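User: I would like to learn how to read the features of a structure one at a time, with the general idea stated before the particular case. Could you take me through this one?

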Amino acid sequence: MSAVPNELRKRNKKRYAGGHHNKRYKGSRELEVGMEGILITCNMNEKKCTAEAFNLLNEYADKLYGPEKLHGNAGSSSDEEEAEEEDVDVALKKEVAQLQASRTKQERRFLALDSGANNVIFIRTQNLESDKLVHHILSDLHTTKKKKSRVILRMLPVTGTCKAFQEDIVRYLTTFLEPWFKTPNYATYQIAFKARNSSHNKRDEIIKAVAGLVGKLNPKNKVDLTNPELTIIVEVIKAVCCISVVKDYTLYRKYNVQEIVKVDAPKPDATSAKTDANTPEEEGNQKEGDTKHEDKTGDEENGKNVSQDDKEVDKGQGEGE
C-alpha cells in the first residue's frame, strides 16, 4: 500500500522540478525590452538558421570591428593555485573563476535568444551597431551576388525595444526618431509593421499613429511607398516591440538575403523596341497604298482597318520610346 503513494510522490516531484527548471531557463534567454540585436527569419529550421547567422555575422563583424576579444583573465593565477594546497580558499577561487568565465560567455557580441515566435530568432548584439552591420552585409551580397546562406530569409536590425502597446510605442518613438526626422532633418519614408503572437495592436492604427508623429517632428517629412529614403521597421512579438530605421529597404528587397543575390532580369534594348514599334507603321502604310486600287466599298472597309492600324502604331511608338 505504501509503495503506490511513494511512486506518485516521486512523479509529482519530477514534474514540478522539470517544469520549474524549464521555465527559469526559457525566461533567461528570451527577447526582452531594452535589448538590441538582429531579428532573423527562416524557413522551418531554426537550429540551422542560428548556425548560419553566427557564421555570417562573425565574418562581417570581423571585417568591420576586428576579431572578437573576450575580456577577463580567469586562468591567470592557475599556476599559483596549483602550487597551493587544496584548501577552502583555493576552492572558492576556482568557483569564482568559473563564474567569471560563464559571465564572459554571456557578454559575447552575439548571443542567440528565443524571440517568442516560430521561424524567428533574435541575435542579441553587444558593443556594435546592428543597423550598420546588417546594411554592410546586404550591400556586399547585393554587389557580389554570392549566396552565403540557405535557410536565412530576412535580417532586420533592432536598435530599440519597448513594450508592445500603442501608447508605449508612440512614447518611445517620440525621442527615438529624432535623429532622422526632427527639424532640421527630414526625409521620405515608409513604415513596415508586422505583429506576431500579438492581437492587441491593429496595423492601421499603429501606422497612422507613427506617421502622425513623424509629421509633427518635421512637416517636410513625406511618405513614399515606392522608393523611400528611410524605412521605419516596427516588429511586434508578443509583448515586445522591436524598432529600427534603415535605408535602402526597397533596393535590398526588404532585407531578404535570398532575394538580394538573384541576378536582375536584363531590360529590353530601347533601339530594338523602337524598331519593333516602327514595323506596324510600315505595314499600315503599305495597306493604305493598296486600298487605292479597290472599289468604294473596299475603300470604306479598308479605311476602318487603316485607322485601327494607325492607333496600334501610335501605341507601339509610345512603348518603344
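User: Let us begin with the cysteines. How many disulfides does a search of the whole structure find?

Analyst: In general, a disulfide is a covalent bond between the sulfur atoms of two cysteines. In this structure, which is a predicted model, a search of the whole structure finds zero disulfides. Cys49 shows the reasoning: the closest cysteine sulfur, in Cys42, is 4.1 Å from the sulfur of Cys49, which is too far for a bond, since a disulfide needs the two sulfur atoms within 2.5 Å. Cys241 is likewise in no disulfide, with the nearest cysteine sulfur, that of Cys162, 4.4 Å away.

User: Are Cys49 and Cys241 buried or exposed?

Analyst: Cys49 has a relative accessible area of 0% and is buried, and Cys241 is buried too, with a relative accessible area of 0%. As background, 35% of the 321 residues of the chain count as buried.

User: What does the chain contain in the way of helices and strands, and how should I read the pairing of strands?

Analyst: The general idea is that strands of a sheet pair through backbone hydrogen bonds, either parallel or antiparallel. In the present chain there are 10 helices and nine strands. One open sheet has four strands in the order 2-3-1-4, and its pairing is antiparallel. Strand 2 (110-114) and strand 4 (152-158) stand at the edges of this sheet, and because each has a single partner strand, one side of each is left without a neighbour in the sheet. From one strand to the next, the twist averages 25°.

User: How many bridges pair strand 2 with strand 3, and what packs on this sheet?

Analyst: Strand 2 and strand 3 (residues 120-125) are joined in the antiparallel sense over five bridges, and one place to see the pairing is Leu113, whose bridge partner in strand 3 is Phe122. Helix 5 (residues 130-144) packs on the sheet, where it touches strand 1 (37-42), strand 2, strand 3 and strand 4, and its direction makes about 150° with that of strand 4.

User: What is the strand order of the sheet with mixed pairing?

Analyst: That open sheet has five strands, ordered 5-9-8-6-7. Strand 5 (160-163) and strand 7 are the edge strands, each of them pairing on one side only. Within the sheet, strand 6 and strand 8 (residues 230-237) run parallel and are joined by eight bridges, with Gln190 opposite Thr231 in strand 8. Strand 8 and strand 9 (residues 240-247), in contrast, run antiparallel, again with eight bridges, and here Ile232 stands opposite Val245 in strand 9.

User: How does the chain get from strand 6 to strand 7?

Analyst: Strand 6 and strand 7 (residues 222-223) run parallel and are joined by two bridges, with Thr188 opposite Lys222 in strand 7. Between the two strands the chain passes through helix 8 (residues 203-217), giving a β-α-β crossover that is right-handed. Helix 8 lies across strand 6 and strand 8, and runs at about 150° to strand 6.

User: Which residues does Arg196 touch, beyond those up to four places away in sequence?

Analyst: Arg196 is found in strand 6 (residues 188-196), and its relative accessible area of 15% makes Arg196 buried, because the cut-off is under 20%. Apart from those sequence neighbours, Arg196 touches Thr41, Ala117, Val120, Glu235, Val236, Ile237 and Lys238. With Glu235 there is also a polar contact from side chain to side chain, at 2.4 Å.

User: And how should I read separation along the chain against separation in space?

Analyst: Among contacts in the chain with a separation of 6 or more, 77% are between residues 24 or more positions apart. Two pairs illustrate how sequence and space can be set side by side. Gly34, in the loop between helix 1 (3-28) and strand 1, is exposed, with a relative accessible area of 61%; its C-alpha atom is separated by 9.4 Å from that of Val240, 206 residues apart along the chain. Thr125, in strand 3, counts as buried at 8% relative accessibility, and lies 9.7 Å from Thr159, C-alpha to C-alpha, with their positions 34 residues apart in sequence counted as separation.

Key. Residues numbered from 1 in each chain as written. Predicted model: local features only at pLDDT ≥ 70, side-chain atom pairs only at ≥ 80, totals over all residues. Heavy atoms only, no water. Pairing = 2+ DSSP bridges. Axes fitted to C-alpha atoms, helices over the stretch in contact; angles between N-to-C directions. Contact = heavy atoms within 4.5 Å. Buried < 20%, exposed > 50% of the residue type's maximum accessible area, 1.4 Å probe, protein only. Polar contact = N/O pair within 3.5 Å; in protein donor to acceptor, adjacent residues only side chain to side chain. Right-handed = clockwise from strand over helix to strand, strands pointing away.
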